[in-house]
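Please open the model in your viewer and keep the sequence beside it, so that each selection can be followed from one step to the next.

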Amino acid sequence: TFGQDFLGIVEGVTARYGRPPRACVTHSFAGDCALIALATQPRECDVQHMILLDPVLADAEGATSGAQRLAKGTRKLGAREADGYNSAEEVGEGLEKLL
């Protein structure tokens, strides 16, 4: 399931960097699954910030158009932040501008 896959990613990041991810950006059903999976795990699996985006909220025209904008914005932000970022606020502001 997606929830188990998400936990595997968190465990892999934790093993590689010595701590769980500080933030995770996800959306819709995937975000729901990730939250449910995290709720069943011990605290050492905690992701400090979960940023859950809903495609319908990203675009008043509907989920399809919103999902496309959300995917495009997430990819652009990921490419821009690949080498790191200065703060969580900077990441949020960047995503807000892209959407």
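Which residues lie nearest the centre of the largest pocket? Bear in mind that this is a predicted model, then select Pro21, Ala23, Cys24, Val25 and Tyr85, which lie nearest that centre among the 31 residues of the lining. The pocket around which these residues are placed has a volume of about 930 Å³.

Next, colour the elements that supply at least two residues each to this lining, namely α1 (2-17), β1 (23-27), α2 (28-39), β2 (49-53), α4 (63-80) and α5 (88-98). Of these, α1 gives the most, with six residues. If you then colour the lining by residue type, you will find 20 nonpolar residues, six polar ones and five charged ones.

Now hide the pocket and select Phe6, Leu7, Val10, Cys24, Ala34, Ala37, Leu38 and Val47, the eight residues that form the largest nonpolar core. Both α1 and α2 supply at least two residues of this core. Stay for a moment on Leu7, which, once its neighbours within four places in sequence are set aside, is in contact with Ala37, Leu38 and Gln41.

Finally, show the whole chain as a cartoon and trace its five helices and two strands, which follow one another along the sequence in the pattern α-β-α-β-α-α-α. Of the 99 residues in the chain, 29% are buried. If you switch to a surface view, the chain exposes about 6,800 Å², of which carbon and sulfur atoms supply 54%.

Key: Residues numbered from 1 in each chain as written. Predicted model: local features only at pLDDT ≥ 70, side-chain atom pairs only at ≥ 80, totals over all residues. Heavy atoms only, no water. 1 Å grid on protein atoms, 1.4 Å probe; cavity = no way out; pocket = protein on both sides within 12 Å on 5 of 7 lines; lining within 4 Å. Points joined across faces, edges and corners; volume = space filled by probe spheres on them. Helix = DSSP H or I, 4+ residues; strand = E, 2+ residues; numbered from the N terminus. Nonpolar A, V, L, I, M, F, W, Y, C, P; charged D, E, K, R; others polar. Core = buried A, V, L, I, M, F, W, Y, C linked by side-chain atoms within 4.5 Å. Buried < 20%, exposed > 50% of the residue type's maximum accessible area, 1.4 Å probe, protein only. Contact = heavy atoms within 4.5 Å. Areas by Shrake-Rupley, 256 points an atom, 1.4 Å probe, with all protein chains shown as cover.
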